[in-house]
There are 2 protein chains.
Amino acid sequence: MVKTTRGGTVSIAKPVNDDRARNTRATLDRLHALVAADLQAVNRVILERMHSPVALIPQLAGHIIASGGKRIRPMLTLIAARLCGYRGRRHVDLAACVEFIHTATLLHDDVVDESDLRRGSATANALWGNKASVLVGDFLFSRSFRLMVEDGSLKVLDILADASSVIAEGEVLQLTTANDVGTDEEAYMAVISAKTAKLFAAACRLGAVVADRPAAEESALQSYGQNLGIAFQLVDDALDYSAREVELGKRVGDDFRDGKITLPVVLAYRRGNEDERRFWRRTLEDRDQDNHDLAEAIRLLNAHGALGNTVDRARHYAAVARDALAIFEDGEPKNALSELLDFVVERAH
Amino acid sequence: MVKTTRGGTVSIAKPVNDDRARNTRATLDRLHALVAADLQAVNRVILERMHSPVALIPQLAGHIIASGGKRIRPMLTLIAARLCGYRGRRHVDLAACVEFIHTATLLHDDVVDESDLRRGSATANALWGNKASVLVGDFLFSRSFRLMVEDGSLKVLDILADASSVIAEGEVLQLTTANDVGTDEEAYMAVISAKTAKLFAAACRLGAVVADRPAAEESALQSYGQNLGIAFQLVDDALDYSAREVELGKRVGDDFRDGKITLPVVLAYRRGNEDERRFWRRTLEDRDQDNHDLAEAIRLLNAHGALGNTVDRARHYAAVARDALAIFEDGEPKNALSELLDFVVERAH
């Protein structure tokens, strides 16, 4: 086991297990390979559908869509459809739908967060400004809407309309809790269940819907997606205070600088003494931060086991997700969904 | 004829014909009265559907939806359905859909324009900030989407998905032309045809769709709506340089202060000499304005007949809209749509 120590932009050094990092990346590559042809078809649909005579649209949308991303959400639709024995092509268009909704949400989040770095490159917002992010996000959402209507299934429309509504409500809910460091775990979980996990759930459920499978399978895939989504977000929250920039394309401390209240903070705040709570209120509520504060935040999070416990919580949801898959036959697609759970949790190490 | 002179907040005095103002308002009241019960039902649907346990949503959405507005778009769906002999209740939900889409667009426009006053009250943005405007706009759009899916007609979904897509593209197109005072009339018309008129067209067409009328009637109502929408926007553009604040709930010069390129400016710029063009570039492209510039802008617009000619253009579209109605039987609904054209153009006086 080789251990290296490398500093992020904020000089927070953290030991990293390179073998593990390689393994998690290998997992993701294997999942991509399983649905490689379909994923390429999804990318083609995305490119076709973001075309517009208004040049700014493909420029900006291309920037955010092409800038990588792990394509986890569309991959879920593709693998879930495969798991359900689906042989048609509707899952490709619907996977593109899901990615468009996700991208529209990212663009609108950019307006909100003023984050400078997402997926390792400058955000669309930093390059084109607020206006463009809002309007191109709307454009992508409308394209997603068109794709669903072309698919022609009211059931699919119902699932995605419901998801959109819940996601939007979750975003507003987050906004209203965003500046309150005393947010409790319950309230935080409500936010990420809506804002992040709902789209994962819908993406998975669509696989069963296109394959016309019984309600139990729809429900199982929905549950898998929902719990995977929560685990994914929780690990992301922990990584924001521990990831290596090179590896994850995100800077350590983005959430901290944006004053975002995430589960590690919720836990550390509740477990902290009055001095520590004052620290969190100053840095996150008042956004009054100096150069040493991120290091202090990380020290407090570790002192209270808040990062480790956040990952423990994620592990719980991953376990629930795994059991949701029990009703499906063993095979490559089921293994892939199971490996994805490992990937999501192992990223944290 | 009583003439009064009254200054707006920017001390631009303009003679106003009060009798005419009273007449146009009376027209609008008569139109509302024609579909009063349906409009009340629309308002109930709107209130129900913007309910959310997340308190900020009804607060903010209520602010913008309740703050009045003329409800012209939902009224169009209601009257068009009546014109087509429709007797059901789908038109009520779809009219609410249309108003939600309109409101979502307004909220997203607020992010863009930083306008301080819309419909005579502070914009949602000024009170709640950019974030809230974007996210509550998304929420309203998702609610509209849900309503359409509940309606259950793929044809309706297709019309509204198409409209959303065109509107979003129009918004981005406007963004890319927004800072170019040399925008030509053709390009400007493309923007407002997409951004404003498309929703008017869809709102009207839905009336024929719910009533299951032949394609010719759908097409006629779509054309009526499209042309009415263009006329409406052009008159709005002219009013921005001539309206009384009290009467229209908008300040004179909002577009000017926001650096918006509208048809009056397009015309005055093309007709102006080099000094004048420099003036427009400085004030609108560079947004370098002093207290006397709005008065000078209005002087130049009038000197070149740009405001009058913008209203002339609007009259042309109103005439086309009127002829689109020819295939329908005479009666109250047809008269109402015809009077609405008068209202839209007469507002300019």
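A residue counts as buried when 20 or more other C-beta atoms lie within 10 Å of its own. Keep that cut-off in hand, because the first helix on this short tour, α13 of chain A, has 7 buried residues among its 9 and is therefore largely enclosed by the rest of the structure. Please bear in mind as you look around that this is a predicted model.

## A helix wrapped by others

Which residues of α13(A) are buried? They are Leu263(A), Pro264(A), Val265(A), Val266(A), Leu267(A), Ala268(A) and Tyr269(A). The cover over these buried residues includes α9 (185-210), α10 (215-239), α14 (274-285), α15 (293-303) and α16 of chain A.

One of those covering helices, α16(A), deserves a second look. Helix α13 spans residues 263-271 and helix α16 spans residues 306-324 of chain A, and their axes come within 9 Å, crossing at roughly 125°. That angle is over 115 degrees but not over 145, so α13(A) and α16(A) are oblique to each other. Their crossing is right-handed. On the α13(A) side, the contact is made by Leu263(A), Pro264(A), Leu267(A) and Ala268(A); α16(A) answers with Ala306(A), Leu307(A), Asn309(A), Thr310(A) and Arg313(A). Sorted by kind, the residues of this contact are 6 nonpolar, 2 polar and 1 charged.

## A second pair, in chain B

Now turn to chain B, where helix α10 (residues 215-239) and helix α17 (residues 332-346) have axes that come within 9 Å and cross at roughly 20°. Because angles under 35 degrees count as roughly parallel, α10(B) and α17(B) are described as roughly parallel to each other. The crossing of this pair is left-handed. From α10(B), Tyr224(B), Leu228(B), Ala231(B), Phe232(B) and Val235(B) meet Leu337(B), Leu340(B), Leu341(B), Val344(B) and Val345(B) of α17(B). The residues in this contact are 10 nonpolar, with no polar and no charged ones.

Here are the two pairs set out together:

| Helix pair | Axes come within | Crossing angle |
|---|---|---|
| α13(A) and α16(A) | 9 Å | roughly 125° |
| α10(B) and α17(B) | 9 Å | roughly 20° |

## Where the chains meet

How many residues of each chain take part in the contact between chain A and chain B? The contact joins 35 residues of chain A to 34 residues of chain B. On the chain A side, α3 (56-66), α5 (90-113), α7 (130-151) and α8 (154-177) each supply at least two residues. Helix α8(A) gives the most, with 14 residues. The touching side of chain A holds 19 nonpolar, 8 polar and 8 charged residues.

## A stop in chain B

Is Asp158(B) buried or partly exposed? This residue is found in helix α8 (residues 154-177) of chain B. Asp158(B) has 16 C-beta neighbours inside 10 Å, so it counts as partly exposed. Its C-alpha atom and that of Met148(B) are separated by 10.0 Å, with the two residues 10 apart along the chain.

## How far to trust the model

The model scores ipTM 0.82 and pTM 0.86. Chain A averages a pLDDT of 86, and 85% of the residues score at least 70. Over residues 1-16 of chain A, however, the pLDDT is below 50, and this stretch has 32 contacts in the model beyond near neighbours in sequence. The pLDDT is also below 50 over residues 112-122 of chain A, a stretch with 24 such contacts beyond near neighbours in sequence. Where pLDDT is low, the predicted coordinates should not be read in detail.

Note on methods:
Residues are numbered from 1 along each chain as its sequence is written. Chains are lettered from A and ligands numbered from 1 in the order in which they are written. This is a predicted model: local features need pLDDT of at least 70, side-chain atom pairs count only at pLDDT 80 or more; totals for chains, interfaces and linings use all residues. Two residues are in contact if their C-beta atoms, placed from the backbone, lie within 7 Å. Helices (H or I, at least four residues) and strands (E, at least two) are DSSP runs, numbered from the N terminus. Ala, Val, Leu, Ile, Met, Phe, Trp, Tyr, Cys and Pro count as nonpolar, Asp, Glu, Lys and Arg as charged, and the others, Gly among them, as polar. Axes are lines fitted to C-alpha atoms, for helices over the stretch in contact, and angles run from 0 to 180 degrees between N-to-C directions. Angles under 35 degrees count as roughly parallel, over 145 as roughly antiparallel, 65 to 115 as roughly perpendicular and the rest as oblique. A crossing is left-handed if the near helix is turned anticlockwise from the far one by less than a right angle, and right-handed if clockwise. A residue is buried if 20 or more other C-beta atoms lie within 10 Å of its own, exposed if 12 or fewer, and partly exposed in between; C-beta atoms are placed from the backbone. pLDDT is the predictor's confidence in each residue, from 0 to 100.
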